[in-house]
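Student: I have just opened this entry and would like a guided tour. Could we go through it together, one question at a time?

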Amino acid sequence: MHSKNNIESLPFLGDFDEAELRQNKNASTKITTWTKLYLLFLHVLIVSLIWCLYRRGTASVFRLPTTDGATWSPAQDVLEYEINNEHTTNHDFYSKYSGPPSDEQDVAWDALMRPVYFNASLDEVLRAEETITDDMAEVAEGGYLANMAVYHELHCVRQLRFWLYKDRYYPSLTDAQNAYQVPHLDHCLETLRQAVQCHANTALYTFYWDEPTDMKPLTKSNSRSVCAKWGPLEEWAYSRMVSTSPEYNRKQSEG
Ligand SMILES: *[C@@H]1O[C@H](CO)[C@@H](O)[C@H](O)[C@H]1NC(C)=O
């Protein structure tokens, strides 16, 4: 009642003493400051909520918990995951890496493979719990020659691709080259088998009859997979790469 009375009587202040007037003024300044702060708080809260909902709804980018020890990698902090619905069930569709070989495809593969190697520091090698031996390959610009498993696996895919299109990539293969390549590619297949089982994609596929008389049904899928975002990883690889045929810093052999 008191405050209501004060507000209502403001225009008729005549008889109010200075002290009371000042008090009322202070009180009302206080209220507006608190109201402003409260509104600011609400504003921040609402904007944050909208932002969180937006992130959850669209991006679906997330990270795995990072590790230390032998599973640690200098690139682990840039790794982000996303939900991806890429499929290869459509046999008429070729990506820039697939289909009959062409010059454009070779360019795409070269760009994909260019940052295959990087130079790791001693700290990085130790943190990854790699053993330090005298015979480790060091590059001329400093550091140890290193790469990431994913690049080894991509190398294997490419090598198998070269073999599939031997006419283009090995037009005059000698018996010796053949004898070298077969066990090398077998090792590549084994590398890929391990990688595939390691990542164990459980996305669901079903089968359908393309023609009722077909011997076997074909695969189809609307499933989505949890995939690494290639962009940030590749950016890291490019930022740290050394030449695909690096200069080595060889120790003088003793004797
Ligand atoms: C890797 O090579 C770059 C030059 O390309 C050099 O500046 C850097 O110090 C090297 N890193 C390590 C860890 O030796």
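Student: Where is the place of Ala128 in the chain?
Tutor: This is a predicted model, and we can use its helices and strands as landmarks. Helix 4 covers residues 122-127. Ala128 sits in the loop between helix 4 and strand 3.

Student: Does Ala128 count as buried, exposed or partly exposed?
Tutor: Ala128 has 17 C-beta neighbours inside 10 Å. Buried takes 20 or more, and exposed takes 12 or fewer. Because 17 lies in between, Ala128 counts as partly exposed.

Student: Which residues is Ala128 in contact with, leaving aside its neighbours within four places in sequence?
Tutor: Thr67 is a helpful guide here, being 61 residues apart from Ala128 along the chain while their C-alpha atoms are separated by 9.9 Å. The contacts of Ala128, leaving aside neighbours within four places, are Ala70, Trp72 and Ser73.

Student: What about Glu129: is that residue buried or exposed?
Tutor: Glu129 lies in the loop between helix 4 and strand 3. Its phi is positive, about 60 degrees, although Glu129 is not a glycine. With 11 other C-beta atoms within 10 Å, and 12 or fewer being the limit, Glu129 is exposed.

Student: Which residue follows helix 7?
Tutor: Helix 7 takes in residues 175-199 and reaches 36 Å from its first C-alpha to its last, close to the 36 Å expected. It is hardly covered, as one of its 25 residues is buried. The residue that follows, with a positive phi near 30 degrees, is Ala200.

Student: Is Ala200 buried or exposed?
Tutor: Ala200 lies in the loop between helix 7 and strand 4. It has 6 other C-beta atoms within 10 Å. Since 12 or fewer is the mark for exposure, Ala200 is exposed.

Student: Which residues does Tyr144 contact, leaving aside its neighbours within four places in sequence?
Tutor: Tyr144 is found in strand 3 and is partly exposed, with 18 other C-beta atoms within 10 Å. Its C-alpha is 9.4 Å from that of Asn249, 105 residues apart along the chain. Beyond four places in sequence, Tyr144 is in contact with Asn119, Ala120, Val125, Met136, Ala137 and Glu138.

Student: Which residues make up the largest nonpolar core?
Tutor: In soluble globular proteins, nonpolar side chains tend to be buried together. Here the largest nonpolar core has seven residues: Tyr117, Phe118, Ala120, Ala146, Trp236, Ala237 and Val242. The elements that each supply at least two of them are strand 2 and helix 8.

Student: Which residues does Val242 touch, not counting those up to four places away in sequence?
Tutor: Val242 belongs to the largest nonpolar core, as do Tyr117 and Phe118. Its full list of such partners is Tyr117, Phe118, Asn119, Val139 and Glu141.

Student: How many residues around the ligand are charged?
Tutor: The residues around the ligand are Asn119, Ser121, Glu141, Gly142 and Gly143. The shell has no nonpolar residues and four polar ones. That leaves the charged count, which is one.

Student: Over which residues does pLDDT stay under 50?
Tutor: The protein chain averages a pLDDT of 86, and 84% of the residues score at least 70. The stretch with pLDDT under 50 has three contacts beyond four places in sequence in the model. That stretch is residues 1-21.

Note on methods
Residues numbered from 1 in each chain as written. Predicted model: local features only at pLDDT ≥ 70, side-chain atom pairs only at ≥ 80, totals over all residues. Near = placed C-beta within 6 Å. Nonpolar A, V, L, I, M, F, W, Y, C, P; charged D, E, K, R; others polar. Core = buried A, V, L, I, M, F, W, Y, C linked by C-beta atoms within 7 Å. Helix = DSSP H or I, 4+ residues; strand = E, 2+ residues; numbered from the N terminus. Contact = placed C-beta atoms within 7 Å. Expected span 1.5 Å × (residues − 1). pLDDT = per-residue confidence, 0-100.
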